[in-house]
Amino acid sequence: MENEKNEYKPDPSLNDRLLKTRTVLISGEINKDKADEFARQMLVLDSESHDPIYVYINSPGGDVDSGFAIYDMIRFVSSPVTVVGMGLVASAAALIFLSVPLERRIGFPNSTYLIHQPLSQLKGVAIDVAIYAEKLEGLRHKLDQVIADATGKDVKEVEKDTERDCWMSAEEAIRYGILSRTVKTKEEI
């Protein structure tokens, strides 16, 4: 008997129904496929109308380039986008969360936020590792600047905070400037 992994497979009709309500869900690991799917959804919604779009995020993060693709797409569309943090909003997901103005960054009371420097698991010859390390350091400064700009923090303070994993509850994220407020009901959004 073959070992089968019990993976959740979303019902495609649910996604279609969500899109009809101008709602997009980002969950799980952020990667190129997820960024491409998100871009298609946003472009279609934006072409249909410029009514608000709601993006719910529950993600441990993932590929930072894919995170920037989503970040840029949210800023590209004409429709106003509101992001709602639920569960875990970490790493590249936190970057995406910061793509909208503070007043449109909302979270559920039990959501958790994580900012940190980019991670790498690169292996290879010394010169390639050195080149990648330089690129990674530049990416770290870019991410720290995005966080500083979105939160109103001094970039030096952000650099210190992202030196290690910086975990925040929803209330701590409000004080940090990542989140504007928490909501318990849809009517509060």
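Guide: Let's start with a definition: a helix axis is a line fitted to C-alpha atoms over the stretch in contact, and the angle between two axes runs from 0 to 180 degrees, taken between N-to-C directions. Keep in mind that this is a predicted model. The protein has seven helices and seven strands, and along the sequence they follow the pattern α-β-α-β-α-β-α-β-β-α-α-β-α-β.

Visitor: What makes H2 roughly parallel to H3?

Guide: Helix H2 (residues 32-48) and helix H3 (residues 64-76) pack at an angle of about 10 degrees, and their axes are 8 Å apart. Angles under 35 degrees count as roughly parallel, so H2 and H3 get that label. On the H2 side the contact is made by Lys32, Ala35, Phe38, Ala39, Met42 and Leu43, and on the H3 side by Ser66, Ala69, Ile70, Met73, Ile74 and Phe76.

Visitor: How do the residues of the contact of H2 with H3 divide?

Guide: They come to ten nonpolar, one polar and one charged. Lys counts as charged, so Lys32 of H2 is the charged one. Ser falls among the polar residues, so Ser66 of H3 is the polar one.

Visitor: Why does Ile57 count as buried?

Guide: Buried means under 20% relative accessible area, and Ile57 is at 0%, so the label follows. Ile57 lies in strand S2 (residues 53-59). Leaving aside neighbours within four places in sequence, its contacts include Ile26, Val83, Val84, Gly85, Ala93 and Phe97. Leu25 is 32 residues from Ile57 in sequence, yet their C-alpha atoms are 6.1 Å apart in space.

Visitor: How do you know that Val183 is buried?

Guide: Same kind of check: the cut-off is under 20%, and Val183 has a relative accessible area of 1%, so Val183 is buried. You'll find Val183 in the segment after strand S7 (181-182). Not counting residues up to four places away, Val183 touches Ile106, Gly107, Phe108, Pro109, Glu188 and Ile189. Ile106 is 77 residues away in sequence, with 7.1 Å from C-alpha to C-alpha.

Visitor: What share of the protein do buried residues make up?

Guide: They make up 40% of its 189 residues.

Visitor: What makes the phi of Arg22 worth pointing out?

Guide: Most residues other than glycine have a negative phi. Arg22 has a phi near 60 degrees, which is a positive value. Arg22 is in the loop between helix H1 (12-20) and strand S1 (23-27), and at 10% relative accessibility it counts as buried. Ser91 also has a positive phi near 60 degrees, and it lies in the loop between strand S3 (81-90) and helix H4 (92-97).

Visitor: Why does Ser91 count as partly exposed?

Guide: Partly exposed covers what lies between under 20% and over 50%. Ser91 is at 23%, so it goes in that class. For contrast, Gly152 has a relative accessible area of 67%, and because exposed means over 50%, Gly152 is exposed. Gly152 is in the loop between helix H5 (126-151) and helix H6 (155-161).

Visitor: Why is the aromatic pair of Phe68 and Tyr71 called edge-to-face?

Guide: The structure holds three aromatic pairs. In this one, the centres of Phe68 and Tyr71 are 5.8 Å apart, with 80 degrees between the planes. Ring centres must lie within 6.5 Å to pair, and planes over 60 degrees apart count as edge-to-face, so both tests are passed. Phe68 and Tyr71 sit three residues apart in helix H3, which means about one helical turn separates them. Both are buried.

Visitor: What makes the pair of Phe97 and Tyr113 tilted?

Guide: Here the planes are 55 degrees apart and the centres 5.5 Å. Stacked needs under 30 degrees and edge-to-face needs over 60, so this pair is tilted. Phe97 is in helix H4 and Tyr113 in strand S5 (residues 112-115), 16 residues apart, so the pair links distant parts of the chain. Phe97 and Tyr113 are both buried.

Visitor: How do you know that the charged end of Lys142 sits over the ring of Phe68?

Guide: The charged end of Lys142 is 4.4 Å from the ring centre. The distance limit is 6 Å, with the charge also within 35 degrees of the ring normal. Lys153 sits over the ring of Tyr176 in this way too, 4.8 Å from its centre.

Methods. Residues are numbered from 1 along each chain as its sequence is written. This is a predicted model: local features need pLDDT of at least 70, side-chain atom pairs count only at pLDDT 80 or more; totals for chains, interfaces and linings use all residues. Side-chain values use heavy atoms; hydrogens and water are left out. Helices (H or I, at least four residues) and strands (E, at least two) are DSSP runs, numbered from the N terminus. Buried means under 20% relative accessible area, exposed over 50%, partly exposed in between (1.4 Å probe, protein chains only). Contact means heavy atoms within 4.5 Å. Angles under 35 degrees count as roughly parallel, over 145 as roughly antiparallel, 65 to 115 as roughly perpendicular and the rest as oblique. Rings of Phe, Tyr and Trp (its six-membered ring) pair if their centres lie within 6.5 Å; planes under 30 degrees apart count as stacked, over 60 as edge-to-face and the rest as tilted.
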